[in-house]
Amino acid sequence: MSDQNSFEQDVLTELGDDRLQEIADVLGTDPAAAQEVVTTTASALSGTMEDEAEAEGVRRELAERAPAGNDDAPLQGVATLGGGLGGLLGGGMVAGVLGRLSKPVANAVAKKTGLPAATVTRVVELLIPVVVAVLTKRARKTGK
């Protein structure tokens, strides 16, 4: 759980005060309330991404156990993701994964916070580049 809190804090740090204010403006609220939405969204995004990585790991394992003589091309892209958030950066596809997950995450956050889904979707769109930056920095740290 400390890693999750660290991820949320990393997102807030990367976001900075100016972009947090921009999100507060989108939400029609103050920065403190916007910060709560950001941490909820970051948590939902990372949890969903971890679920995606786990599902892809299962798919990869099933493909590796397929009987010999299977003429299908070897799996690439999402099937080659390593475990955890840093592994999602393989192949430069993290933004695509985040983009695909943005609507379900926005709906979940909207339901949890009571905010309109369209508004939360806009916040998620603003957070995607920030989350990508945090994940990239984390991947570089683990790669060293």
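These questions and answers go through a predicted model and the reasons behind some of the words used for it.

Q: What is the average confidence of the chain, and where is confidence highest and lowest?
A: The chain averages a pLDDT of 74, and 60% of the residues score at least 70. Helix α1 (residues 2-27) has the highest confidence, with a mean of 88, and helix α3 (residues 84-87) has the lowest, with a mean of 44. Over residues 69-92 the pLDDT is below 50, and in the model this stretch has 33 contacts beyond near neighbours in sequence.

Q: Why is T41 called buried?
A: Buried means under 20% relative accessible area. T41 has 0% relative accessibility, so T41 counts as buried. This residue is found in helix α2. Leaving out residues up to four places away in sequence, T41 touches V105, V109, V124 and L127.

Q: Why is R138 called buried?
A: The relative accessible area of R138 is 18%. The cut-off for buried is under 20%, so R138 falls on the buried side. R138 lies in helix α5.

Q: What makes the pair R138 and D10 a polar contact?
A: A polar contact needs a pair of N or O atoms within 3.5 Å. The side chains of R138 and D10 are joined at 3.1 Å, so the distance meets that limit.

Q: Why is N107 called partly exposed?
A: Partly exposed covers the range between buried, under 20%, and exposed, over 50%. N107 has a relative accessible area of 37%, so N107 belongs in that range. N107 is in helix α4. The C-alpha atoms of N107 and T121 are 7.8 Å apart, and the two residues are separated by 14 residues along the chain.

Q: Which residues have the most contacts inside the largest nonpolar core, and which helices supply the core?
A: The largest nonpolar core has 29 residues, and F7, V11, L15, I23, V38 and L127 have the most contacts inside it. Helices α1, α2 (31-64), α4 (94-113) and α5 (117-143) each supply at least two of the core residues. Helix α5 gives the most, with 11 residues.

Q: How do you know that V38 is in contact with L127, and what else does V38 touch?
A: Contact means heavy atoms within 4.5 Å. V38 touches L127, so heavy atoms of the two residues lie within 4.5 Å. V38 also touches V11, L12, L15, L20 and I23, with residues up to four places away in sequence not counted.

How values were computed. Residues numbered from 1 in each chain as written. Predicted model: local features only at pLDDT ≥ 70, side-chain atom pairs only at ≥ 80, totals over all residues. Heavy atoms only, no water. pLDDT = per-residue confidence, 0-100. Helix = DSSP H or I, 4+ residues; strand = E, 2+ residues; numbered from the N terminus. Core = buried A, V, L, I, M, F, W, Y, C linked by side-chain atoms within 4.5 Å. Buried < 20%, exposed > 50% of the residue type's maximum accessible area, 1.4 Å probe, protein only. Polar contact = N/O pair within 3.5 Å; in protein donor to acceptor, adjacent residues only side chain to side chain.
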